[in-house]
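This is a walk through one structure, beginning at a single residue and ending at a cavity. Please keep the sequence and the 3D view open while reading.

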Amino acid sequence: MKKQILSLVLVSCLAACTQSTKKNETAIVADTSQTTTFKPVDFEEQLIYNRAVEAVIWGMPAVNSELMHESLLKVKGDYNQIIYWSGLINSKNQTLTPNPDVIYINPLYDTREGPVVLEIPAVDGVSSLTGSLDDGWQTAIEDIGPAGVDKGKGGKYLILPPNYKDAVPFGYIPMPSSTYTGFAILRSNLTDGSSNDIKRAIEYGKKVKIYPLSQADNPPPTTFVDLIDASFGNTIPYNLHFFEVLNQFIQREPWLQRDLVMIDQLKTIGIEKGKTFQADARRQEILNAAIKDAHSWIDKRYEKIFTPPFYEGTNWALPASQDVVKAIMSNYLAPNIYPVDERAISYSMAYFSAKKLGTGQFYLMTVKDKNDQSFDGSKLYKVHLPAKVPVKLYWSITAYDRETHALILDMKYSSRASTTPGLKKNPDGSVDIYFGAKAPEGKESNRVPTDPKRKFELLARFYGPEKGFFDKTWKMDDVEEVK
């Protein structure tokens, strides 16, 4: 109750201290420091505004997830199919901070008609999968592959609908989902990034199967939807559509015990299970003002999640608070924490969670250079990676648009990785990676291009991280501007 009161006070203060901008904003704006001039005519309108802000913060991971299904329908796909990219992704993929150095194999499940089987192949030579199965709230149910439950042996994961009571057949790995729908994010790993390597990773990834348990005796062929040439994304819409998507999720999914307090909160703004979401012109104006201000608040809080840094004295940090990591790993059963605010920040810039972060992969992100200045796409930067990066699989660094948290549009490529063909090493085995609109002479193979008109952010991935990574005997330098 204290938290709700404090949040209402915070939002009320936010409304009182606003600056002028256009009303009924329908697009993400670059300057999130500007808030609205919303002025309630009575307490009822103030309550709608306050609760709309809370709905945005609370519902972020659900909307984030729902947007992927919305994009899938646009390309004629649906649940209980697998989306994949028959090559490395480009900026047509506008999901939140995706990995451009793997082959994505992503099943989306729907258990409303009963349990669904997700069949995972065993490790085959250098071919392996890294990933997790997430519910509709993007809470990891379990990890999959060598770092997951099957330990690389493969197996039949049985995704169970909410409150499923029947016995699980012998030979299946039970995956109880808190929601009817969800997805697995699976990455078919590369070794050298060559065309043959990519072909191998695709062929291995397409050994994954999804089908209803009711048809397990004679499984139908799995439908694979290739998105390599399709526009697909889940960047967050900071406008009325956010509430429309949240309503879709609420209508389909069951209420969780931890979230029952939100029933009346959502009813206030017009979202109620079993009823159509409708908003007249004035309510739309209030909701658009609320989500614009929520966006501003989230963006201001975003940079705070990079404290404390992973490496002391640098800006590299895990882009999620320790409470969020702890909550996800415990399925939100850890006592005395439900980090809704910090969860919203993380899911405003990423999708997917791992059950045991650090086993299969680990992430470090930065939004500022060595001098604590935001990255400017018109400037040139460099990061130094010492030799012998402690990973079993690979490392990579990707540049994303700072505003959308998606791949920078229309770039030839978006990252450099240990699997990148032609990547040049220094004589001592270390690597220098450059970020900017133009490469230094002779360094093109080690450059990640940026848009000179936009800001960007960097995400480093470490797949199969080893002890030396976590005890920090190996340390990555801060990013510095090259004058």
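Arg402 sits in the loop that runs between β16 (391–401) and β17 (415–417); strands (E, at least two residues) and helices (H or I, at least four) are DSSP runs numbered from the N terminus. The model is predicted, so local features need pLDDT of at least 70 and side-chain atom pairs count only at pLDDT 80 or more, while totals for chains, interfaces and linings use all residues. Residues are numbered from 1 along each chain as its sequence is written, and side-chain values use heavy atoms, with hydrogens and water left out.

Arg402 has a relative accessible area of 12% and is therefore buried (under 20%, with over 50% being exposed and anything in between partly exposed; 1.4 Å probe, protein chains only). Beyond its neighbours within four places in sequence, Arg402 is in contact (heavy atoms within 4.5 Å) with residues including Tyr302, Val367 and Phe456. Asp299 is another of these contacts, and its side chain makes a polar contact of 3.3 Å with that of Arg402 (a pair of N or O atoms within 3.5 Å, one able to donate a hydrogen and the other to accept it; residues adjacent in sequence count only if both atoms are side-chain atoms).

The last stop is the largest cavity, a set of points on a 1 Å grid over the protein atoms alone where a 1.4 Å probe fits but cannot get out. Its lining, meaning residues with an atom within 4 Å of a point, has 27 residues, and Ala350, Tyr351, Phe352, Ser353 and Tyr363 lie nearest the centre. α7 gives the largest share of this lining, four residues.

Conventions. On a 1 Å grid over the protein atoms alone, a cavity is a set of points where a 1.4 Å probe fits but cannot get out, and a pocket is an open set with protein on both sides within 12 Å along at least five of seven lines; lining residues have an atom within 4 Å of a point.
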